[in-house]
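Hi,

Here is the structure I said I would pass on. Have a look through it first, and my notes follow underneath.

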Amino acid sequence: MDRSAGRRCRRPSGARYDAGSTGDSARRDRRRPRERPRDRTRPDLQQYRRRGRLAPVVAAVFDRERGARVHLRGVPNSRQTGWNRRLSGRDRLTAPSEIASSGSEDRPDDSSGINSSSRFSPHMDTYDLIMRNAEEVVTDEEVRELAADPAGKRAYVGYEPSGVLHLGHLLTANKLIDLQDAGMEVVVLLADVHAYLNGKGSFEEIRDTAEQMKAQFVAYGLDEDTTEFVYGSEYQLEEEYTLDLHELELSTTLNRAQRAMAEIQGGETAKVSHVVYPLMQCLDIEYLDLDLAVGGLDQRKVHMLAREELPELGYDVRPALHTPIVADLTSGEGKMSSSEGVTISMEDSTAELEEKVNSAFCPPTRDPEGDLENPVLELFEYHVFPRFEEVVVERPEKYGGDLTYEAYEALAADLESGELHPADAKGTLATYLDELIAPGREKLLEIRD
RNA sequence: CCGCCCUUAGCUCAGACUGGUAGAGCAGUCGACUGUAGAUCGACUUGCCCCCCGUUCAAAUCGGGGAGGGCGGACCA
C-alpha cells in the first residue's frame with residue numbers, strides 16, 4: 001500500500017520546528033565559525049539547534065545544588081577524539097556514592113523528570129517493566145545489567161515513516177513508554193533514508209509523512225520533551241557513516257543481508273537498496289549511541305547481524321529487545337501488518353474500529369487450536385492493559401452485570417472459563433482502543449486540514 | 001551485447017498449438033446458524049486478458065513492434 005502517494009502537505013518543510021523550540025531561538029542565529037573539524041561522527045550541534053530539537057545526552061552529571069542528576073546535551077566528537085562512548089550517555093559520571101549521600105528517596109530516575117506520569121504499578125521493578133510484553137530479549141544478562149542502572153541509557157526504535165500509525169507501531173511505542181518509565185532515554189528514529197531505499201517516494205514526500213508520524217506519536221503519548229526524534233538523514237549521509245557502511249558491505253554476504261531485510265516487498269526480488277537497508281540499521285545502533293535496540297520480532301535478524309558485525313568495526317555489541325508480532329485480526333494467524341489483512345490505525349473512526357474489532361477472530365479460549373492466536377486477547381494484553389490501570393467490561397444485567405479487571409491474566413482466565421463472553425470482550429476492547437487512538441486521530445485530522 | 005521464459009480477477013494460475021471478446025482455487029461481499037468471530041451451509045461479486053500496430057467477418061489466442069519482470073550466456077579468464 002502506498003501511503004505516501006497523493007498526500008502532500010502544503011506547509012513549507014521545516015516550519016514546524018521553529019514553533020516549539022525552547023530558548024534556543026536566540027542562539028540559533030548566532031553564526032558559528034564555518035570550519036569544523038572534519039572528523040565528526042555525529043550530526044553537529046548546530047543542526048539540532050536549527051531544528052529546535054534536543055541534542056543527544058552526552059553526559060549525565062550529578063548537580064549538588066539541585067540534588068539531582070543533570071543531563072548534558074551536546075554532540076560527541078568522533079570516536080577517536082573527544083568524547084568517547086565510554087564517557088557519553090551510558091556512563092555514570094554520577095558516582096553511586098553521590099546519589100546515596102543526597103538522600104534516600106532521591107532515586108535517580110525520579111529526579112530526571114522522566115517519570116512524572118508513571119503508568120506502571122509501583123510494585124513492578126525495573127527489570128520486569130523493561131521485560132513486560134517482550135517476546136524475547138538478547139541477551140537476558142545484558143538487559144539485567146541495563147535494568148540495574150537504567151538512568152541515561154538510550155533505547156530506540158526505528159520507524160520507516162508512514163502517514164498513519166497503526167497498532168503495529170503502537171506496540172513498540174508502548175515498549176518505549178515502558179522504557180521511559182524505567183528511566184531510560186528513548187530515541188525514535190524517523191528512518192527517512194531507509195524509506196527512500198525502500199522505494200517509498202521522494203525525500204520530500206517521505207519528510208512529510210515522517211512529520212505526520214511524529215505528531216501522531218506525540219499525540220499517542222510519547223512525550224516530546226523526553227523523546228528524541230531523529231531523522232535518519234541527519235547523520236546517515238555523513239562521510240564517516242558512509243565509510244562504515246561500505247566496510248559493512250564488504251564483510252556481509254548478499255544472502256545474509258537479504259535475509260536480514262525485514263521489510264520485504266512480498267515476492268519481489270531484492271534491489272541493491274534492500275540489502276543496504278539492514279546494514280544501515282546496524283550502524284544506526286552505533287551512531288545513535290544506543291544501549292538497547294528495540295523492535296518487533298521481525299527485526300530479529302537485523303539485530304543479530306548487528307551484534308555480529310558491529311564488533312568487526314570496533315564497536316560495542318548492544319542488547320536487543322523484541323516485541324511480539326500480533327496475529328491477524330480476522331484470522332488469528334500470522335502477523336497483522338498494514339499491507340495485508342485488517343489493521344486498526346489512527347485513521348479509523350470509532351465506528352470503523354468497532355466494526356473491525358467486532359469481526360475479529362475470537363474463540364472463547366486464550367489458546368486456540370493449531371498455530372492460531374486469539375487476537376482480541378492479544379490486543380488486551382499488549383495495548384490495553386499496559387496503558388490502563390483497570391478495565392471495566394460493561395455488561396447488561398441480563399448477562400451478569402459489569403466486570404472489572406486490573407490485570408490481563410484475570411480477563412484471559414474469565415474468557416477461558418466462559419465468565420466473560422467474547423462479544424462483551426470485543427465491546428470493551430473497542431472502547432479502550434478507541435480511547436487510545438482518539439488523540440492521534442484528532443491530530444491526523446488537524447494535520448490534513 | 002546475445003539467448004530463453006513470464007505478463008489473464010485482490011492472490012496463485014488454467015485457457016493460446018486447433019481464433020468466436022474468460023475460467024478454477026483461494027480471497028472478498030451478503031444471508032442462515034451460534035449472544036462475537038471462526039467452522040459449516042446457501043447465494044453473489046470481481047477483469048483496459050501489459051501496450052501499440054497488423055491479419056481476419058471476428059484476436060487473450062495468429063504476425064510484427066514495444067514495455068515491465070525473471071533466468072542464463074558472453075565479456076572479465
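One thing before the details: this is a predicted model. I'll begin with a single residue and work outwards from there.

Phe229 sits in strand S6, which covers residues 227-231. Is Phe229 buried or exposed? It has 20 C-beta neighbours inside 10 Å, and a residue counts as buried from 20 upwards, so Phe229 is buried. If you want a sense of distance across the chain, take Phe229 and Tyr408: they are 179 residues apart in sequence, and their C-alpha atoms lie 31 Å apart.

Now the sheet that S6 belongs to. It is an open sheet of 6 strands with mixed pairing, and the order runs S3-S8-S7-S4-S5-S6. Strand S3 (136-138) and S6 are at its edges; each has a single partner strand, so one side of each has no neighbour in the sheet. On average, neighbouring strands here are turned by 20 degrees against each other, ignoring direction.

S7 is worth a closer look. This strand spans residues 292-296 and pairs with S4 (residues 154-159) in the parallel sense, over 2 bridges. In that pairing, Ala155 stands opposite Leu292 of S7. S7 also runs parallel to S8, and 4 bridges join the two. There, Gly295 stands opposite His322 in S8. As for how covered S7 is, 5 of its 5 residues are buried.

Helix H14 (residues 300-309) comes next. Which of its residues are buried? They are Val302, His303, Leu305, Ala306, Arg307 and Glu309. Those buried residues pack against three strands and helices of the model as follows:

- strands: S3, S7 and S8 (320-323)
- helices: H11 (239-251), H12 (254-260) and H13 (272-287)

On to the chain as a whole. Chain A has 449 residues, and 44% of them count as buried. Its secondary structure comes to 18 helices and 10 strands. Among contacts in chain A with a separation of 6 or more, 75% are between residues 24 or more positions apart.

Chain A is divided into domain 1 (15-323) and domain 2 (350-448). Between them, 14 residues of domain 1 are in contact with 10 residues of domain 2. On the domain 1 side, helix H8 (167-181) and helix H10 (203-220) each supply at least two of the touching residues. H10 gives the most, with 5 residues. By type, the residues on that side of domain 1 divide into 8 nonpolar, 4 polar and 2 charged.

Last, the RNA. How many residues surround RNA strand B? There are 16, and the closest are Thr269, Cys362, His421, Pro422 and Ala423. Helix H18 (residues 422-448) gives the most to this surface, with 4 residues. The residues of the surface near RNA strand B divide into 8 nonpolar, 6 polar and 2 charged.

That's what I have so far. Shout if you'd like to go over any of it.

Cheers

Definitions and conventions:
Residues numbered from 1 in each chain as written. Chains lettered and ligands numbered in written order. Predicted model: local features only at pLDDT ≥ 70, side-chain atom pairs only at ≥ 80, totals over all residues. Near = placed C-beta within 6 Å. Nonpolar A, V, L, I, M, F, W, Y, C, P; charged D, E, K, R; others polar. Buried ≥ 20, exposed ≤ 12 C-beta atoms within 10 Å, placed from the backbone. Pairing = 2+ DSSP bridges. Axes fitted to C-alpha atoms, helices over the stretch in contact; angles between N-to-C directions. Domains from an automatic or database assignment. Contact = placed C-beta atoms within 7 Å.
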